[in-house]
Amino acid sequence: MNNQSMDNLLIEWQCQKLVTRSINLLDQGRWQELANCYTEEGELYRPSAPTVKIAGRDAILASFTARPAKETCHALTNMEANIINDYSVIVTSRVVLFSSGKKSADKKSSDKKSANKKVDDIESMVQANGDIFIGRFVDELKKIKGEWLIAKRKGSIELHYTGSSDKTG
């Protein structure tokens, strides 16, 4: 394997790691750290509002902190990094979103204590009665001062599962 191939593998790994980290921060409600994954001029198009641009790191942070609290679990798959050059990469990924709706007061207050702890018992699990969304993220990443950051994230919802239908007959 030549040096360029190794460099490309490193770039792909770094970019996929950033996208995965940003999704984990989203599920954990760590808004400031999530906002820091974006460039200062970053743009966000939420899957729930794909034509509405949220521009700038501060506006992105404000949009996350303004959201109602809820438990979410985003599962990323089929990540593909397309290297444009040494400073620009587009990562496309499929996402499945499971959401339970609003956080309970008890769960919200205990989140800070147990954010990085393994769930040890079934009583600490949240019942997911919400919908399931399947879509994609297209992330345009830029390398700025040696660090990969999200310059633009465009989300979309392609399938929406609202639960099983009871069809008999």
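These legends accompany close-up views of a predicted model.

**View 1. Asp-27, a buried acid without a salt bridge.** Let's start in helix α1, which covers residues 3-28 and includes Asp-27. The side chain of opposite charge nearest to Asp-27 belongs to Arg-67, 7.0 Å away. That distance leaves the pair without a salt bridge, because the cut-off is 4 Å. Setting aside neighbours within four places in sequence, Asp-27 is in contact with Thr-72, Cys-73 and His-74.

**View 2. Cys-15 and Cys-73, two cysteines in a structure with zero disulfides.** Cys-15 has 0% relative accessibility and is therefore buried. Cys-73, one of the contacts of Asp-27, is partly exposed at 41% relative accessible area.

**View 3. A nonpolar patch on the surface, formed by Met-1, Met-6 and Leu-9.** Together these residues offer about 350 Å² of accessible area. Met-1 sits in the segment before α1, and its relative accessibility of 74% makes this residue exposed.

**View 4. Asn-78, a residue other than glycine with a positive phi.** If you like checking backbone torsions, here is one to look up: phi of Asn-78 is near 50 degrees. Asn-78 belongs to strand β3, residues 70-85. Its relative accessible area is 58%, so Asn-78 counts as exposed.

**View 5. Lys-145, in the loop between β5 and β6.** The flanking strands are β5 (132-144) and β6 (147-161). Lys-145 is not a glycine, yet its phi is positive, at about 50 degrees. With 85% relative accessibility, Lys-145 is exposed.

Key: Residues are numbered from 1 along each chain as its sequence is written. This is a predicted model: local features need pLDDT of at least 70, side-chain atom pairs count only at pLDDT 80 or more; totals for chains, interfaces and linings use all residues. Side-chain values use heavy atoms; hydrogens and water are left out. Helices (H or I, at least four residues) and strands (E, at least two) are DSSP runs, numbered from the N terminus. Buried means under 20% relative accessible area, exposed over 50%, partly exposed in between (1.4 Å probe, protein chains only). Lys and Arg count as positive and Asp and Glu as negative; His and the chain ends are not counted. Contact means heavy atoms within 4.5 Å. A disulfide is a pair of cysteine sulfur atoms within 2.5 Å. Patches are made of residues with over 30% relative accessible area and no salt bridge: like charges are joined within 9 Å, nonpolar side chains (Val, Leu, Ile, Met, Phe, Trp, Tyr) within 5 Å. Accessible areas come from the Shrake-Rupley method with a 1.4 Å probe; for residues, only the protein chains shown count as cover.
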